[in-house]
Amino acid sequence: MSGLLATLAHTLETTLPVFAMVFIGIGLRRIGWIDQNFVSTASALVFKATLPTLVFLSIIRADLTTAFN
């Protein structure tokens, strides 16, 4: 039973921040703090700058000898 609870805790630890950010974004859009222009700009920033940077940093930190085996 403790294995199931550990798995559930790990799953929630991983998914809850994502869902929280989605619901915060929905709330901010409904109250008018962010608009479509902000969403477009933020999406471009994420997909053109931060996501490639995170992939690059992950590749640098990876243990390539393990990956090639």
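**Overall architecture and principal pocket**

Along the sequence, the protein chain follows the pattern α-α-α. In this predicted model, the secondary structure of the chain amounts to three helices and zero strands.

The overall dimensions depart from those of a compact globule. For 69 residues, a compact globule would have a radius of gyration near 11 Å, whereas the protein chain has a value of 18 Å. The C-alpha trace spans about 50 × 40 × 10 Å along its principal axes. Burial was evaluated with a threshold of under 20% relative accessible area; 1% of the 69 residues of the protein chain count as buried. The area exposed by the protein chain is about 6200 Å², of which carbon and sulfur atoms supply 73%.

The largest pocket has a volume of about 380 Å³. Its lining comprises 13 residues, and those closest to the pocket centre are Met-21, Val-22, Gly-25, Ile-34 and Phe-38. Two elements, α1 (2-30) and α2 (36-61), each give two or more residues to this lining. The greatest contribution is that of α1, which provides eight residues. In terms of residue class, the lining of the largest pocket consists of ten nonpolar residues, two polar residues and one charged residue.

Taken together, the predicted model describes a chain of three helices without strands, in which 1% of the residues count as buried and the largest pocket is lined by ten nonpolar residues among others.

Definitions and conventions:
Residues are numbered from 1 along each chain as its sequence is written. This is a predicted model: local features need pLDDT of at least 70, side-chain atom pairs count only at pLDDT 80 or more; totals for chains, interfaces and linings use all residues. Side-chain values use heavy atoms; hydrogens and water are left out. On a 1 Å grid over the protein atoms alone, a cavity is a set of points where a 1.4 Å probe fits but cannot get out, and a pocket is an open set with protein on both sides within 12 Å along at least five of seven lines; lining residues have an atom within 4 Å of a point. Grid points are joined across faces, edges and corners, and a volume is the space filled by probe spheres set on the points. Helices (H or I, at least four residues) and strands (E, at least two) are DSSP runs, numbered from the N terminus. Ala, Val, Leu, Ile, Met, Phe, Trp, Tyr, Cys and Pro count as nonpolar, Asp, Glu, Lys and Arg as charged, and the others, Gly among them, as polar. The radius of gyration is taken over C-alpha atoms; the globule rule is 2.2 Å times the number of residues to the power 0.38. Buried means under 20% relative accessible area, exposed over 50%, partly exposed in between (1.4 Å probe, protein chains only). Accessible areas come from the Shrake-Rupley method with a 1.4 Å probe; for residues, only the protein chains shown count as cover.
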